[in-house]
Amino acid sequence: MSESPATSRTRRLLTANPFLTATAALALLTCVLVPPSREYLDYPEYRTLVCLWCFLTVIGALDRTHLVTAAAQGVVAVLRTRRALVLGLVLLTMVASMLITNDMALLTLLPLSQLALRATGDDRHLAYVFVLQTVAANLGGMITPFGSPQNLFLYQYFHLSVGELVGVMVWPFVVSLVLVVIACLLVPNAPISPVTDRTSVRWRPATVHLVLFVVAVAIVVRALPVWAGVVVVAVVAVLDARALRSVDYGLLATFVLFFVFAGNLERVPQASGFLQDLLQEHVLLWGVAGSQLVSNVPTALLFAPFTDDWRALLLGVNIGGVGTIVASLASLITLRRYQQLRPDGTRAFLGLFTVVNVLFLVLLLGATGLLLAAEVL
C-alpha cells in the first residue's frame with residue numbers, strides 16, 4: 001500500500017532532520033511515562049513559537065527578494081586583497097546572524113563565499129572560510145534576542161528586556177569579535193581581482209518585506225502584541241505564498257516536541273529532581289556541556305524550567321554553540337554545503353572544524369570565567 005502525501009512529507013522531514021527525529025523519540029518516550037492530558041496544552045511557550053514562526057517567515061520572504069545577497073555582493077565587490085575578502089565574508093556573516101538569525105546568515109552567505117573565492121582563485125581557503133563563517137554566525141547571534149533560536153526562547157521564557165540580554169552578552173560578543181578578526185588575519189595576504197557578480201533585487205517586494213521585518217522585530221522585543229505575528233504571516237502568505245515553503249518547520253516542530261519532553265520531565269519526580277540538583281550550580285558549564293552533546297537549542301529548552309540562573313544558561317548555550325559539529329544546528333548547514341561542493345573532503349573538513357571550534361570554545365570559556373570573576377557579567 002502506497003503512503004499518503006502527508007505521511008511521505010513527514011517521513012522526509014524526519015529523515016532530513018536527525019535532531020527532529022531524536023526529539024520526537026524522546027517526546028514519545030515521556031508520553032508513556034506521562035500519558036497525554038489537557039495539561040499538555042500548558043507546556044509550549046506560545047509566544048516563542050509565534051515569534052519564531054513570524055520571524056522565520058519574514059526572513060524567508062526577504063531572502064527571496066535577493067536584497068541581503070545583493071547587499072553582501074556590494075560589500076565584497078570593493079575588497080581588493082585576499083585577507084580583506086576573507087575578513088569581509090566572515091564579518092558579513094557575523095553581522096547577518098545578529099539580524100536574520102545564524103541559520104539564514106549561513107544559507108545566504110556560504111554560496112556567496114564559494115563563488116567569491118572561486119572567482120579570485122582562492123578555492124584552497126574554502127574550508128577555513130566556511131569554518132570561520134560558521135563560528136561567526138554562531139557567536140554573532142548571541143548579542144540580539146532574534147540572533148539565534150536559543151536566544152529567542154530564553155528571552156521570552158525568562159521575560160528579559162533587551163538591555164538585560166545585551167548587558168550579559170556584550171563582553172563575550174566583543175571577545176568573540178576579536179578572536180574572529182585574529183583568525184581571519186591568519187590568512188596569507190595577496191592582491192585579488194575584484195568580484196563583479198551582482199544579483200538584481202526585486203525592490204517592490206523587498207521594500208514591503210523590510211517593513212514586515214521591522215514589525216517582526218517589534219513583536220520580538222514586545223513593542224507590539226504577539227498576535228501581530230499571525231497578521232504578519234498572513235500578509236506574507238498573500239504577497240508571496242511561496243515564501244511560506246522556506247520556513248524551517250522542522251525547527252518549529254523540534255521546539256514543540258521539546259516542550260512536550262521538558263514538560264513531561266517536570267512531572268516525573270525523579271527526573272525533575274535530578275535536573276534541579278544538577279543545575280544548582282555550574283549552570284554555565286552544564287550549558288556548554290549539554291550543547292556539545294545535543295546542541296544548544298535543545299539544551300536551552302531542557303534546562304530553562306529547572307534553573308533561575310538565566311545569565312549562566314544564556315552564556316552557556318551561546319558560548320557552547322562552538323565546539324563539536326552538533327553544538328549548533330546551524331553548523332550542520334555548513335557541513336551539508338561543504339559536502340555538496342567537495343564530497344571527498346568531509347573528514348578533513350570535520351578535523352579543521354573541530355580544531356578551530358574547540359580553540360574558540362576554550363578561549364571564550366577562559367575569557368568568560370575571568371569576566372565573571374571580575375564581576376563584569
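**Working through a predicted helical model**

Val 178 sits in helix H9, residues 162–185; helices here are DSSP runs of H or I with at least four residues, numbered from the N terminus. The model is predicted, so local features need pLDDT of at least 70 and side-chain atom pairs pLDDT 80 or more, while totals for chains, interfaces and linings use all residues. Residue numbers start from 1 along each chain as its sequence is written, and side-chain values use heavy atoms, with hydrogens and water left out.

**Exercise 1.** Work out which nonpolar surface patch Val 178 belongs to, and classify its exposure.

*Solution.* Start with exposure: Val 178 has a relative accessible area of 44%, so call it partly exposed (buried is under 20%, exposed over 50%, partly exposed in between, with a 1.4 Å probe and protein chains only). Next, the patch: Val 178 joins Trp 171, Val 174, Ile 182 and Val 376 in a nonpolar patch of about 410 Å². Patch members need over 30% relative accessible area and no salt bridge, and nonpolar side chains (Val, Leu, Ile, Met, Phe, Trp, Tyr) are joined within 5 Å.

**Exercise 2.** Place Thr 334 in its helix and list what it touches.

*Solution.* Thr 334 belongs to helix H17, residues 329–341. Its relative accessible area is 0%, so it's buried. Leaving out residues up to four places away in sequence, Thr 334 touches Leu 106, Leu 110, Phe 130, Thr 134 and Phe 349; contact means heavy atoms within 4.5 Å.

**Exercise 3.** Describe the largest pocket and find the helix that gives the most to its lining.

*Solution.* First, the volume: the largest pocket holds about 840 Å³ of space. Then the lining: 35 residues, with Asp 103, Leu 107, Asp 248, Ile 333 and Arg 336 nearest the centre. A pocket is an open set of points on a 1 Å grid where a 1.4 Å probe fits, with protein on both sides within 12 Å along at least five of seven lines; lining residues have an atom within 4 Å of a point. Finally, H17 comes out on top with seven residues.

**Exercise 4.** Take Arg 222 and Ser 295: what is the sign of phi, and is each buried or partly exposed?

*Solution.* Begin with the usual case: most residues other than glycine have a negative phi. Arg 222 goes positive, at about 70°, in the loop between helix H10 (203–220) and helix H11 (228–239). At 32% relative accessible area, Arg 222 is partly exposed. Ser 295 also has a positive phi, about 90°, and sits in the loop between helix H14 (283–294) and helix H15 (296–303). With 0% relative accessibility, Ser 295 is buried.

Methods
Patches are made of residues with over 30% relative accessible area and no salt bridge: like charges are joined within 9 Å, nonpolar side chains (Val, Leu, Ile, Met, Phe, Trp, Tyr) within 5 Å. Accessible areas come from the Shrake-Rupley method with a 1.4 Å probe; for residues, only the protein chains shown count as cover. A salt bridge is a side-chain nitrogen of Lys or Arg within 4 Å of a carboxyl oxygen of Asp or Glu. Helices (H or I, at least four residues) and strands (E, at least two) are DSSP runs, numbered from the N terminus. Grid points are joined across faces, edges and corners, and a volume is the space filled by probe spheres set on the points.
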